[in-house]
Amino acid sequence: MSLVVVGSMAFDAIETPFGKSDKIIGGAGTFIAWCASNFTGVKQISVVGGDFPQAELDALTERGVSLEGVQIKKDEKTFFWSGRYHMDMNTRDTLVTELNVLGSFQPVVPDSYQDCEFLMLGNLAPSVQSSVIEQLTHKPKLIVMDTMNFWMDIALDDLKKTLSMVDVLMVNDSEARQLSGDYSLVRAAQKIATMGPKYIIIKKGEHGALLFHENQVFSAPALPLEEVFDPTGAGDTFAGGFIAHLAKTKDISFDNMKTAIVVGSALASFCVEKFGTERLRSLTKEEIQERIQQFVQLSSFDISLV
Ligand code: AMP
């Protein structure tokens with residue numbers, strides 16, 4: 001039984017008010033895999049060009065990430081994305097999106113991935129996401145989907161189809177508002193629930209995340225950080241921590257999802273400390289434990305009502 005991750009593997013170039021990166025390794029699938037492999041094995045589905053460094057693939061293999069589902073198109077170029085963050089380090093402009101190999105990506109689920117119990121659909125074309133679900137011979141125990149405004153703008157029908165096939169949707173607050181057409185996040189979650197997902201996670205950047213399920217709501221904080229260096233991949237890292245905790249514990253109760261959100265938030269707080277995947281690569285188990293503990297302390301309080 002396994003965790004299967006679908007997502008982009010990319011080159012990114014990032015500009016923040018405080019610095020600028022060269023072309024570095026990025027991609028939603030890459031961040032998810034680096035994060036999730038702290039907790040469990042990962043079976044990766046993606047596509048890269050001949051220019052993607054073999055050393056990067058080897059580093060993932062060493063961490064227990066299976067790359068059988070990663071296509072290497074020798075004569076083509078890897079997906080390239082470039083973004084510039086605003087002063088708030090929360091909003092950003094996309095400067096360049098060169099789809100390259102991603103433009104014609106047709107995922108193929110290897111036979112050895114058919115034991116998939118947890119499926120993480122990273123932010124990709126919704127038709128690619130649904131194609132993976134359709135190739136699985138058994139319905140996974142839990143399907144989690146990430147998406148973005150880009151797909152709401154250009155592929156809404158495909159997005160609605162994929163939404164109807166998943167259990168959990170994660171989006172940020174502005175995406176939840178766009179998808180539902182409602183400013184209230186509570187009503188937005190209720191409306192999105194009618195589109196398919198039984199659980200809706202709304203990420204609010206430095207203000208934490210909300211989990212909605214039927215009439216229950218859970219609110220997790222984000223760790224107040226002195227310095228945010230590069231927020232790229234924080235959402236994907238959150239997703240990786242969330243699903244990997246569920247996959248490791250094999251418990252998809254609402255209570256365990258609350259813990260999974262805290263795990264995801266803790267991992268995301270590391271991601272932003274350095275450019276790209278750099279911080280995730282050097283993480284130790286002790287650092288993760290300590291950071292999760294900080295989250296617990298951050299929001300636990302006793303009240304005696306009189
Ligand atoms: P996040 O900061 O969590 O939204 O994720 C950023 C990552 O998503 C970057 O590493 C990009 O390479 C990747 N990315 C950006 N746009 C797309 C897209 N249209 N399709 C797939 N991946 C993307």
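Trainee: What makes the pair formed by S8 and a nitrogen atom of the ligand a polar contact?

Mentor: In this predicted model, a polar side-chain atom of S8 lies 2.9 Å from a nitrogen atom of the ligand. The cut-off for a pair of N or O atoms is 3.5 Å, and 2.9 Å is within it, therefore the pair is a polar contact.

Trainee: How do you know that D12 and G233 also make polar contacts with the ligand?

Mentor: An N or O atom in the side chain of D12 is 2.4 Å from an oxygen atom of the ligand. For G233, a backbone N or O atom lies 2.7 Å from a ligand oxygen. Both values are within 3.5 Å, so both pairs count as polar contacts. S8, D12 and G233 are among the residues that come nearest to the ligand, of 19 around it.

Trainee: Why is S2 called buried?

Mentor: S2, which belongs to strand 1 (residues 2–6), has a relative accessible area of 10%. Buried means under 20%, so S2 is buried.

Trainee: Which side chain does S2 join through a polar contact?

Mentor: The side chain of S2 is joined to that of D115 by a polar contact of 2.7 Å. Beyond its neighbours within four places in sequence, S2 is in contact with D115 and also with K43, C116, E117 and F118.

Trainee: What makes K248 and K285 the charged part of the lining of the second largest pocket?

Mentor: Lys counts as charged, so K248 and K285 account for the two charged residues of that lining. The lining also has four nonpolar and four polar residues. Helix 11 (285–299) supplies the largest share, four residues.

Definitions and conventions
Residues numbered from 1 in each chain as written. Predicted model: local features only at pLDDT ≥ 70, side-chain atom pairs only at ≥ 80, totals over all residues. Heavy atoms only, no water. 1 Å grid on protein atoms, 1.4 Å probe; cavity = no way out; pocket = protein on both sides within 12 Å on 5 of 7 lines; lining within 4 Å. Helix = DSSP H or I, 4+ residues; strand = E, 2+ residues; numbered from the N terminus. Buried < 20%, exposed > 50% of the residue type's maximum accessible area, 1.4 Å probe, protein only. Polar contact = N/O pair within 3.5 Å; in protein donor to acceptor, adjacent residues only side chain to side chain. Contact = heavy atoms within 4.5 Å. Near = heavy atom within 4 Å.
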